[in-house]
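Trainee: I am seeing this structure for the first time and would like to go through it slowly. Please let me ask about one place at a time, and give me the reasoning before the result.

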Amino acid sequence: MTRYVLRRLAESLPLLLAVSVLVFALLQASPGSPLAQLERDPTITQADIERLMEERGYNDPWFVQYGRWLGGALKGDFGASLQTGRPATTEVLTRVPNTLVLVGVAFIVTLLIAIPVGVLSAVRQYSAFDHIVTTLTFMGQSVPIFWLGLLLIMVFYLGLSNPFTGGPLFPAGGMYTLGREDVLSNRIWHLVLPVVMLTSTWVAWYTRFLRASMLDVLGLDYVRTARAKGAAERIVIFRHALRNASMPLITLIGLDLPMLFSGALFTETIFSWPGMGRLFYQSALRRDYTVLMVIIMLTSALIVIANLLADVAYAAVDPRITYD
């Protein structure tokens, strides 16, 4: 297993290098100047901007600029943010814990809902419960997530009021109320609406996916054999059927998790959550290429690691799979 993991990590290095070349070239080809924010400053002339472009090497060919960026990246220096002047890695790493909190809570809530509902829906196929679950999951997959976020704000912030304080029932944005940063209940209250928005689509996808996988497994011979031997239905469902039905779900989770760090863009933007998704959106608007490169390369590395962890999880779930 160790040799397999090391080989996979070594194979990922050329892939990440290719991703960095492609992304850097695309960012350089995008319209707009890296110093576009300075053009709106009346105290800075066009001559000053041209001088800065020359001094910072922005007029060089893109492959020359990429060589400088790669040389610094190999030393741990990914450049400075064009907007704030702080190191790009610092800008990103300060947002990572916030995204981890939001994505982590939403992901746990998703699994706590999707797994039992998906299993029960498959076991009770064509029942009233199954029809209700199927209808709700279709709705969850169909509703645009940004529209749902705006609807949650309209209903729970503008529409309903807190019976104890008279204010809005739930806050419309931010991680906490100013002056109450250390109050855990206040942070949880700010998490509710973003988590509901983020989990709505995930629960729908995972529930339908697990239901279909369970239906495929429940009709196999080894499940009927387990029942014929007198095993309790709970043992048949959770020890035999769910263990094998979870294999495709592991693949789905391995592909989804890395994208959630940048893919929570809509949620973090609508609810002003200071995470990586919102930073990615702000950096794209400001043409802050150095920060965008760090976010994209971090997401690419997470995709490689998550796929590797998914492969390792296969062996843990199914003893027939080995990488020796």
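**Reading the model through its residues**

Trainee: Is histidine 190 buried or exposed, and what is its relative accessible area?
Mentor: Histidine 190 belongs to helix α8, which covers residues 184–218, a helix being a DSSP run of H or I with at least four residues, whereas a strand is a run of E with at least two. The scale to apply is relative accessible area with a 1.4 Å probe and protein chains only, where under 20% is buried, over 50% is exposed and anything in between is partly exposed. Histidine 190 is therefore buried, its relative accessible area being 6%.

Trainee: What kind of model is this, and what pLDDT do local features need?
Mentor: Residues are numbered from 1 along each chain as its sequence is written, and side-chain values use heavy atoms, with hydrogens and water left out. This is a predicted model, in which totals for chains, interfaces and linings use all residues, side-chain atom pairs count only at pLDDT 80 or more, and local features need a pLDDT of at least 70.

Trainee: How many helices and strands does the protein have?
Mentor: Reading the elements from the N terminus on, one meets α after α to the end of the run. The C-alpha atoms fill a box of roughly 85 × 60 × 35 Å along the principal axes, and 39% of the 324 residues count as buried. As for the elements, the count is zero strands and 13 helices.

Trainee: How far apart are the C-alpha atoms of histidine 190 and proline 171?
Mentor: Along the chain, histidine 190 and proline 171 are 19 residues apart. In space, the separation of their C-alpha atoms is 5.9 Å.

Trainee: How far apart are the C-alpha atoms of aspartate 48 and tryptophan 205?
Mentor: Aspartate 48 sits in helix α2, residues 46–55, and is partly exposed with a relative accessible area of 26%. Tryptophan 205 is 157 residues away from aspartate 48 along the chain, and the distance between their C-alpha atoms is 52 Å.

Trainee: How many salt bridges are counted, and which residue does arginine 7 meet in one?
Mentor: A salt bridge here is a side-chain nitrogen of Lys or Arg within 4 Å of a carboxyl oxygen of Asp or Glu, and by this rule the count is six. Arginine 7 has its partner four residues away, about one turn along helix α1, and the N to O distance between them is 3.0 Å. Arginine 7 is partly exposed at 44%, and its partner in the salt bridge is glutamate 11.

Trainee: Which residue forms a salt bridge with arginine 211, and which helix is that residue in?
Mentor: The closest N and O atoms of this pair, arginine 211 and aspartate 130, are 2.8 Å apart, and both residues are buried. Because arginine 211 lies in helix α8 and its partner in another helix, residues 128–142, the pair ties together parts that are 81 residues apart in sequence. The partner is aspartate 130, and its helix is α6.

Trainee: Which helix gives the largest share of the nonpolar patch?
Mentor: A patch of this kind joins Val, Leu, Ile, Met, Phe, Trp and Tyr side chains within 5 Å, taken from residues with over 30% relative accessible area and no salt bridge. The patch covers about 870 Å² (Shrake-Rupley areas, 1.4 Å probe), and its members include Trp147, Leu151 and Phe266. Another member is Phe146, which counts as partly exposed at 42% relative accessibility. Seven residues of the patch come from one helix, residues 145–159, namely α7.

Trainee: Which helix gives the most to the lining of the largest pocket?
Mentor: On a 1 Å grid, a pocket is an open set of points where a 1.4 Å probe fits, with protein on both sides within 12 Å along at least five of seven lines, and lining residues have an atom within 4 Å of a point. The largest pocket holds about 510 Å³, a volume filled by probe spheres set on the points, and among its 22 lining residues Arg56, Tyr58, Gly79, Leu82 and Thr290 lie nearest the centre. Helices α1, α3 and α13 each supply at least two lining residues. The most, four residues, comes from α3.

Definitions and conventions. Patches are made of residues with over 30% relative accessible area and no salt bridge: like charges are joined within 9 Å, nonpolar side chains (Val, Leu, Ile, Met, Phe, Trp, Tyr) within 5 Å.
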